[in-house]
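Visitor: Please take me through the aromatic rings and the packing around them. I would like a close look at that part.

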Amino acid sequence: MNLIVQPEAGLGPVVRAIHGAKRRVDVAIFRIDRPEIEKALAAAVQRGVRARVLVAHTNHGGESRLRKLEQRLLEAGVTVARTGDDFVRYHGKFMLADDKLHLFGFNFTKADTFKSRSFGISTRDQKTVSEALALFEADSARQPFTPKHSHLVVSPENAREMLTAFVKSARQQLLIYDVNLQDRVFLKLLKQQAAAGVEVRVIGKCKGGDPIEVRALKDLRLHVRTIIRDGAYAFVGSQSLRRLELDHRREVGMMITNRSVAKKLRDVFERDWEESATKKEEKVEKAEKKEDKKEDKKEDKKEDKKKAEGAAESPRETAAANG
């Protein structure tokens, strides 16, 4: 399993994955303004790779661009399908290159890959790859999708159920990137977890308030939706914890059990959290750190005192035993 971190990585990993495909490339696209992807798909067709693209039927302010994109891809020899209009929006973003699934929290746009915090995940897990292919086929044919057991999180079919179980399983910490966390059921659950002693922090927007700590991402646009649980497990996807994206739109995400990847996500979150602190929060954190150091010094002095008393006792005990 591999992790892509935006904006540091750019589109290089995606283009390389397309160039490396030998049999097939299937891509679900919501928004695109980067020509590198189109060129890579055209080159794949030229070397005999089956290239298929599923284009969203609509996105905000970009329908004419989507139709022009379809025409350019068709002219390049790519097989193009358009999603249905049964959902408010088809917002999922993923790609299958041979036997590998690449799931993205970002669009193939300059804004998402140059100016935004986002993530991408790739996996060869057979069940998850098969599930993503089944989803691609169903949405391309405008047929119902019935999920099976895998790490793929699909709205509206199984996202609420899987994400609820994921959040409930937290024992120590939940670190959340979310552009608009407002689902009442999840807000209640997060507050319950916080009351039970789980540390809950959100970078983005959240209507929950205390005891959930919230900070706005500084210096970067936030686009990804991610939850890191206990530093060892994670979710990355396109669905925010809000009713519209969980219950009425096509959104796609993935559960991550790779501890190394989860740790990398946590490290990025902690850096973003620290850099996004307000001056008031920085003062509070400095005061807390100062207080922690005082407590540590007190504990060290107590420990030194115990050791010294123990050392003084030893000679007396030895003398008493010899007497």
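Guide: What follows is a walk through the ring pairs, then the core and its surroundings. Keep in mind that this is a predicted model.

Start with the count. The structure holds 7 aromatic pairs. One of them joins Phe-104 and Phe-106. Their ring centres are 5.1 Å apart, with 45° between the planes, and the pair is tilted. Phe-104 is buried, at a relative accessible area of 1%. Phe-106 is buried too, at 0%.

Now take Tyr-177 and Phe-269. Their ring centres lie 5.1 Å apart and their planes meet at 75°, so this pair is edge-to-face. The cut-off for that label is over 60 degrees. The pair links distant parts of the chain. Tyr-177 belongs to strand 9 (residues 173-181), Phe-269 to helix 9, and 92 residues separate them. Both residues are buried.

This pair is part of a cluster. Ring pairs connect Tyr-177 and Phe-269 with Phe-119 and Trp-273. Trp-273 also has a charged partner: Arg-201 lies over its face, 5.0 Å from the ring centre. Elsewhere, the charged end of Arg-229 sits over the ring of Phe-166, at 4.7 Å from the centre.

Next, the core. The largest nonpolar core has 36 residues. Phe-119 and Tyr-177 are among those with the most contacts inside it, as are Phe-94, Leu-101, Leu-152 and Leu-265. Helix 9 (residues 259-275) gives the most to this core, with 6 residues. There is also a second, separate core of 28 residues, which includes Leu-41, Ala-44, Val-53 and Leu-69.

Look at Phe-94 more closely. Beyond its sequence neighbours within four places, its contacts include Phe-104, Leu-101, Val-252, Ala-132, Leu-135 and Phe-136. Ala-132, Leu-135 and Phe-136 are among the buried residues of helix 5. So are Glu-131 and Asp-139. Helix 5 (residues 126-140) has 15 residues and should span 21 Å at 1.5 Å a residue; its end C-alpha atoms are 21 Å apart, so the two agree. Just after helix 5, Arg-142 takes a positive phi of about 55°.

Leu-135 and Asp-139 lead to one last residue, Arg-250, which is in contact with both. Arg-250 sits in the loop between helix 8 (243-247) and strand 15 (251-256). Its relative accessibility is 3%, under the 20% cut-off, so Arg-250 counts as buried. Its other contacts outside the sequence neighbours within four places include Phe-87, Tyr-90, Phe-145 and Glu-157.

Conventions:
Residues are numbered from 1 along each chain as its sequence is written. This is a predicted model: local features need pLDDT of at least 70, side-chain atom pairs count only at pLDDT 80 or more; totals for chains, interfaces and linings use all residues. Side-chain values use heavy atoms; hydrogens and water are left out. A nonpolar core is a set of buried Ala, Val, Leu, Ile, Met, Phe, Trp, Tyr and Cys residues joined through side-chain atoms within 4.5 Å. Buried means under 20% relative accessible area, exposed over 50%, partly exposed in between (1.4 Å probe, protein chains only). Helices (H or I, at least four residues) and strands (E, at least two) are DSSP runs, numbered from the N terminus. Contact means heavy atoms within 4.5 Å. The expected span of a helix is 1.5 Å times one less than its number of residues. Rings of Phe, Tyr and Trp (its six-membered ring) pair if their centres lie within 6.5 Å; planes under 30 degrees apart count as stacked, over 60 as edge-to-face and the rest as tilted. A charge sits over a ring if NZ of Lys or CZ of Arg is within 6 Å of the ring centre and within 35 degrees of the ring normal.
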